[in-house]
Protein chains: 2
Amino acid sequence: MLTADQSNQLAEMFRLLGETSRLTLVTHCLEGPLSVGELTRRSGLSQSLVSHHLRLLRAARLLRAERSGKQVFYAIPDCHVREMLTNMIEHMVEPRGAANELMSEEAEP
Amino acid sequence: MLTADQSNQLAEMFRLLGETSRLTLVTHCLEGPLSVGELTRRSGLSQSLVSHHLRLLRAARLLRAERSGKQVFYAIPDCHVREMLTNMIEHMVEPRGAANELMSEEAEP
DNA sequence: TCGATGTATGAATATGTGTTCACATGTTTT
DNA sequence: AAAACATGTGAACACATATTCATACATCGA
């Protein structure tokens, strides 16, 4: 299937999305390109921390940066990332129909 | 966009996929349903650890369990998860064409 | 060219959290 | 009872996050 290297790289991407604050930065960008200042305002984090997060997301190509004057706008880079996110959001809000018959064990009661 | 609760739930799913060993269990299941024993063999992990991981993935509905005789087979539960994974795999193997013009900064040197 | 604004980066730390192992026990099916 | 799998607990270990501060870089307007 996947080489060990590819698995690591893929896991790395998911790990980046696995932190609420970082994920929120990405989902905000689903609406359209947003400046760092705007992301800082919406997230309530410090500008420094936002920048640190964006740097990681950029390196993993989960976000794309584009400068416009003094500001830098971040956006979803391509349809793969966009569709991946919308798929996961749909999966989340989806009715949990008989999720697991085996042993009645749920994440949330 | 998303409520704080939804963001947490979504991040939780990504976090589960953000560990190489767990992700490998999931990607193996892309080929088709696999028994715990088979997954243990392929992953090289202990059966106990595999079971722990599968439990988490099941609870998040990233995998679905089905018993067949003595064995339990795990599979991708629906098309959302399957498409999400294939999208991410495509994104990963995609040519990194001008990933980030802003500051020449790469993930791997 | 200087100052203001917007953004990036580096370093250092404290803290938290998850992964993994090892062992034991429980459950379901043959 | 045996085989296959699930679950629980606790300890060791590694890593990542948040945080702050300081500094550097980029762009624009005066």
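**Exercise 1. The surface near DNA strand C**

Task: In this predicted model, find which elements of chains A and B each supply at least two residues of the surface near DNA strand C.

Solution.
- Step 1. Start with chain A. Its contributors are α3 (36–43), α4 and β3.
- Step 2. Turn to chain B. Here α2 (20–28) and α4 each supply at least two residues.
- Step 3. Rank the shares. α4(A) gives the largest, with six residues.
- Step 4. Name residues. DNA strand C is surrounded by 25 of them, and the closest are Gly37(A), Ser51(A), Tyr74(A), Arg22(B) and His53(B).
- Step 5. Ask what part of the DNA is met. Of the atoms of DNA strand C within 4 Å of the protein, 76% are sugar and phosphate.

**Exercise 2. Polar contacts to DNA strand C**

Task: State which part of DNA strand C lies opposite the side chains of His52(A), Arg55(A) and Ser21(B).

Solution.
- Step 1. Take the base. A base oxygen lies 3.2 Å from a polar side-chain atom of His52(A).
- Step 2. Take the sugar or linking oxygens. One is 3.4 Å from a side-chain N or O atom of Arg55(A).
- Step 3. Take the phosphate. One of its oxygens lies 3.2 Å from a polar side-chain atom of Ser21(B).

**Exercise 3. DNA strand D**

Task: Describe the protein surface near DNA strand D and its polar contacts to phosphate and base.

Solution.
- Step 1. List the elements. α2 (20–28) and α4 (47–59) of chain A each supply at least two residues, as do α3 (36–43), α4 (47–59) and β3 (71–75) of chain B.
- Step 2. Find the largest share. α4(B) provides it, with six residues.
- Step 3. Name the closest of the 25 surrounding residues: Ser21(A), Arg22(A), His53(A), Ser51(B) and Tyr74(B).
- Step 4. Split the DNA atoms within 4 Å of the protein. Sugar or phosphate holds 76%, and bases hold the rest.
- Step 5. Check phosphate contacts. A polar side-chain atom of Ser21(A) is 2.9 Å from a phosphate oxygen. For a side-chain N or O atom of Tyr74(B), the distance to a phosphate oxygen is 2.7 Å.
- Step 6. Check a base contact. A side-chain N or O atom of Ser48(A) lies 3.1 Å from a base nitrogen.

**Exercise 4. How the chains are related**

Task: Work out what kind of axis relates chain B to chain A.

Solution.
- Step 1. Superpose. A turn of 180° with a shift of 0.0 Å along the axis lays chain B on chain A, at an RMSD of 0.1 Å.
- Step 2. Conclude. This is the relation of a two-fold axis.
- Step 3. Locate the axis. In chain B, the C-alpha of Met84(B) is nearest, 2.3 Å away.
- Step 4. Compare surfaces. Both copies use the same one, since 100% of the contact residues of chain B recur in chain A.

**Exercise 5. The aromatic pair**

Task: Classify the one aromatic pair found over all chains.

Solution.
- Step 1. Use the geometry. The ring centres of Phe14(A) and Phe14(B) are 5.9 Å apart and the planes meet at 20°, so the pair is stacked.
- Step 2. Place the rings. The pair crosses between chains, from α1 (residues 4–17) of chain A to α1 (residues 4–17) of chain B.
- Step 3. Judge exposure. Phe14(A) is buried at 0% relative accessibility. Phe14(B) is buried too, with a relative accessible area of 0%.

**Exercise 6. The sheet of chain A**

Task: Give the strand order and pairing of the sheet in chain A.

Solution.
- Step 1. Order the strands. The open sheet runs β1-β3-β2, with antiparallel pairing.
- Step 2. Find the edges. β1 (34–35) and β2 (64–68) each have a single partner strand, so one side of each lacks a neighbour in the sheet.
- Step 3. Count bridges. Two join β1(A) to β3(A), and five join β2(A) to β3(A).
- Step 4. Set the register. Ser35(A) faces Phe73(A), and Arg64(A) faces Ala75(A).
- Step 5. Inspect the hairpin. Two residues separate β2(A) from β3(A), and Gly69(A) in the turn has a positive phi of about 70°.

Terms used
Residues numbered from 1 in each chain as written. Chains lettered and ligands numbered in written order. Predicted model: local features only at pLDDT ≥ 70, side-chain atom pairs only at ≥ 80, totals over all residues. Heavy atoms only, no water. Pairing = 2+ DSSP bridges. Helix = DSSP H or I, 4+ residues; strand = E, 2+ residues; numbered from the N terminus. Least-squares fit on C-alpha atoms with pLDDT ≥ 70 in both. Contact = heavy atoms within 4.5 Å. Phe/Tyr/Trp six-rings, centres within 6.5 Å; stacked < 30°, edge-to-face > 60°. Buried < 20%, exposed > 50% of the residue type's maximum accessible area, 1.4 Å probe, protein only. Near = heavy atom within 4 Å. Polar contact = N/O pair within 3.5 Å; in protein donor to acceptor, adjacent residues only side chain to side chain.
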